[in-house]
Amino acid sequence: MKVRILGTAAAEGWPGLFCGCETCKKARAAGGKNLRSRASLQIDDFYKIDFPPDTFYHVMKYGLDLSRLRYLFITHSHEDHFAKDEFEYILPGFAHNVEAPIRIYGNSAVIDALKQIKESSDAPDGLVELTEIKPFEPVKADYLTFTPIKAEHKYSEQAVNYLVQSESKTMLYASDTGRYSEAAIEFLSRQKIDIAVIECTLGLLPWEPRTHMTFGAVLELRDMLVKSGAVDSNTQLVITHFSHNIGLLHEELEQIASPEDFTVAYDGIMLEV
């Protein structure tokens, strides 16, 4: 799997869209890895996790060709992960030579929203296929398998993370979630994870990690997975999905993450799995 993390920020982006805080001012001045767009991830040319409002920017920045996209997996219906109004541009007249069908997977809230768009736009048959997913029920998508992991995030719906597996490698993409439930930990403990990309929205903030992770909660998750054997010294460990409220620029995040053998993701980082 060739994995590119396209965006590494929380909902407001970094610098925040309307924000004048000192951290955002420093990020604007420093540029580079301190400029973070809304979170999503691409695998090879055919698979994508989440569809944020910055998707058009990602297409331009990284030379993506979404006419080749075959599978799109959505974690939950928050707009920074599911910019549903953008799906209008799949329709004929806006898009040509799409390699249909685009197969889109998500929870009931995501699929219901897409069904309404599909019906109101009179989309042609065969352009998209919509499938509702359930936690821990794997989806075979050509040469990869995606298993939704029960996330602790938006309590009005079942948010999910994803375990992505090829014939030989396994990746956990954990965004957005607070501390995992016992069911999620038990399931992950039976895996052999080659790379774990874990959200760290709250950084070192003294907040309870109910719907997002602090760095301390990230370390707790790692330690539980190490104890079970799912993670070992060969596992790549990566943190992503940062809020500007943590007040730490990229190099400062590296200073706390590197001693724990975590890589700090930045927009566009490539990961070989």
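This passage goes through the cysteines, one helix and a few strands of a predicted model.

The cysteines come first. Despite some sulfurs sitting a few ångströms apart, the disulfide count is zero. Cys19 is in no disulfide, and the nearest cysteine sulfur, that of Cys21, is 3.5 Å away. Cys24 tells a similar story: the closest cysteine sulfur, again in Cys21, lies 3.6 Å from its own. A disulfide calls for sulfur atoms within 2.5 Å, so the Cys24 sulfur is simply too far away for a bond. Cys24 is also tucked out of reach of the probe, with a relative accessible area of 0%, and therefore counts as buried.

Cys24 belongs to helix 1, which spans residues 22-30 and also buries Thr23 and Ala27. Viewed down the helix axis, the buried residues of helix 1 fall within an arc of 95°, so they line one face of the helix. The face turned away from that buried side carries Glu22, Lys26 and Ala29, which are exposed. Just after helix 1 comes Gly31, with a positive phi of about 65°.

Next, the strands. Strand 2 (residues 40-43) pairs with strand 1 (residues 2-7) in the antiparallel sense, over four bridges. Within that pairing, Gln42 of strand 2 has Arg4 standing opposite. Strand 2 also runs antiparallel to strand 3 (residues 47-49), this time with three bridges joining the two. Here Leu41 is the residue that stands opposite Ile49 in strand 3. Strands 2 and 3 form a hairpin with three residues between them, and in this hairpin Asp44 takes a positive phi near 50°.

What about the two faces of strand 2? In a regular strand, side chains alternate between the two faces of the sheet. In strand 2 both faces are covered: Ser40 and Gln42 are buried on one side, while Leu41 and Ile43 are buried on the other. Gln42, the residue opposite Arg4, is thus joined on its side of the strand by Ser40. Leu41, the residue opposite Ile49, shares the other side with Ile43.

Further along the chain, Thr145 is found in strand 8, which covers residues 144-150. Its relative accessibility is 18%, and the cut-off for buried is under 20%, so Thr145 counts as buried. Setting aside neighbours within four places in sequence, Thr145 is in contact with Pro138, Val139 and Lys140, as well as with Leu163, Val164 and Gln165.

Technical notes
Residues numbered from 1 in each chain as written. Predicted model: local features only at pLDDT ≥ 70, side-chain atom pairs only at ≥ 80, totals over all residues. Heavy atoms only, no water. Buried < 20%, exposed > 50% of the residue type's maximum accessible area, 1.4 Å probe, protein only. Pairing = 2+ DSSP bridges. Contact = heavy atoms within 4.5 Å. Arc of directions from axis to C-beta.
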